[in-house]
Amino acid sequence: MKLVWSPEIATKSYIDTVKTCELFQESGVAELVSAMAAGWNAQLIVETWSKGGLIATSVGLAIASRHSCGSRHVCLVPDEQSKSEYVEAMGEAGVSTEVIVGEAEDAMSGLSGVDFLVVDCRRRDFQRVLRLAKLSHRGAVLICKNANSTNNSSFKWRSVLDPASRLVRTVFLPVGKGLDIAHVAVGGGSSGSSQNVSRWIRHVDQQSGEEYAFRK
């Protein structure tokens, strides 16, 4: 099996996220990751969050999980205070998700088959979370948000991937404070189509109005 892209589901999740997040006054990161998670039909969506963080991306991922058949959305937070703030903010947005409290090792230990992972580069443990991720046999999409952070200055995707994983493609998007995205295949198979057909995805940053196009 492999990750298969569905533009129809991606579009629905994108539109729902735009409608839900219009009051947050944030950049287009939430809409983009929501469309990606739903479009790839991610079955286990995992993100990291800590006290004081923005909530729109989390809302977008929660919406994506509703559009993906049988999907599970999990948020990892470092402490109970972060959990309380996160749950309250998500409730105000009208969505909810599963929350796991603890350090990276403990939080990631029970999560197997991750196929969509979003980490925040402003957290010092973001590379550790990526290394500990037990990726799905279908492959996975890994995203580092706030990629312009100084914590990300020397980051290399190959330094956090298991030797059994294969880096299919990477892209950096100047959306929000930077998105560093990797598409990973697990084992010897390819997560791309057998004919290597490329697709262009168009994204408009809701804050700046700038338009970006990148190939999938």
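Is Asn 146 buried or exposed? Asn 146 is buried, at 11% relative accessible area. I started there, and the rest of my notes on this predicted model follow.

1. **Confidence first.** The protein chain averages a pLDDT of 87, with 85% of its residues at 70 or more. The stretch to watch is 189-198, where the pLDDT drops below 50. That stretch still has 18 contacts in the model beyond near neighbours in sequence. Where pLDDT is low, though, the predicted coordinates should not be read in detail.

2. **Overall make-up.** Six helices and eleven strands make up the secondary-structure tally for the protein chain. Half the chain is inside, so to speak: 50% of the 216 residues count as buried. Among contacts between residues at least 6 apart in sequence, 69% join residues at least 24 apart. As for surface, the chain exposes about 10,300 Å², and carbon and sulfur atoms supply 48% of that.

3. **The sheet.** Seven strands form an open sheet with mixed pairing, in the order S3-S2-S1-S5-S7-S9-S8. Strand S3 (98-101) and S8 sit at the edges with a single partner strand each, so one side of each has no neighbour in the sheet. Ignoring direction, neighbouring strands are turned by 20° against each other on average.

4. **S5 against S7, and a helix on top.** Strand S5 (residues 116-120) runs parallel to S7, and five bridges join the two. If you want a specific pair to click on, Val 118 has Ile 143 as its bridge partner in S7. Helix H3 (residues 56-67) packs on this sheet and touches S1, strand S2 (72-77), S5 and S7. The direction of H3 makes about 170° with that of S1.

5. **Asp 120.** This one caught my eye: Asp 120 belongs to strand S5, and it is buried, with a relative accessible area of 10%. Which residues does Asp 120 contact once its neighbours within four places in sequence are left aside? They are Thr 48, Phe 126, Lys 145 and Asn 146. So the opening residue, Asn 146, turns up again here, as a contact of a buried aspartate.

6. **Two asparagines with positive phi.** Most residues other than glycine have a negative phi. Asn 146 goes the other way, with a phi near 55°, and Asn 41 has a positive phi of about 55° as well. Both sit in loops: Asn 146 between strand S7 (140-145) and strand S8 (165-173), Asn 41 between helix H2 (29-39) and strand S1 (44-48). Their exposure is where they part ways. Asn 41 is partly exposed at 25% relative accessibility, whereas Asn 146 is buried at 11%.

7. **Cysteines.** How many disulfides are there? The count comes to zero. A disulfide is a covalent bond between the sulfur atoms of two cysteines, and here the pair to look at is Cys 121 and Cys 144. The closest cysteine sulfur to that of Cys 121 is the one in Cys 144, but at 4.2 Å it is too far for a bond; the cut-off used is 2.5 Å. Cys 121 is buried, with 0% relative accessible area. Cys 75 is also buried, with a relative accessible area of 0%.

How values were computed. Residues are numbered from 1 along each chain as its sequence is written. This is a predicted model: local features need pLDDT of at least 70, side-chain atom pairs count only at pLDDT 80 or more; totals for chains, interfaces and linings use all residues. Side-chain values use heavy atoms; hydrogens and water are left out. pLDDT is the predictor's confidence in each residue, from 0 to 100. Contact means heavy atoms within 4.5 Å. Helices (H or I, at least four residues) and strands (E, at least two) are DSSP runs, numbered from the N terminus. Buried means under 20% relative accessible area, exposed over 50%, partly exposed in between (1.4 Å probe, protein chains only). Two strands pair if DSSP finds at least two bridges between them. Axes are lines fitted to C-alpha atoms, for helices over the stretch in contact, and angles run from 0 to 180 degrees between N-to-C directions. Accessible areas come from the Shrake-Rupley method with a 1.4 Å probe; for residues, only the protein chains shown count as cover.
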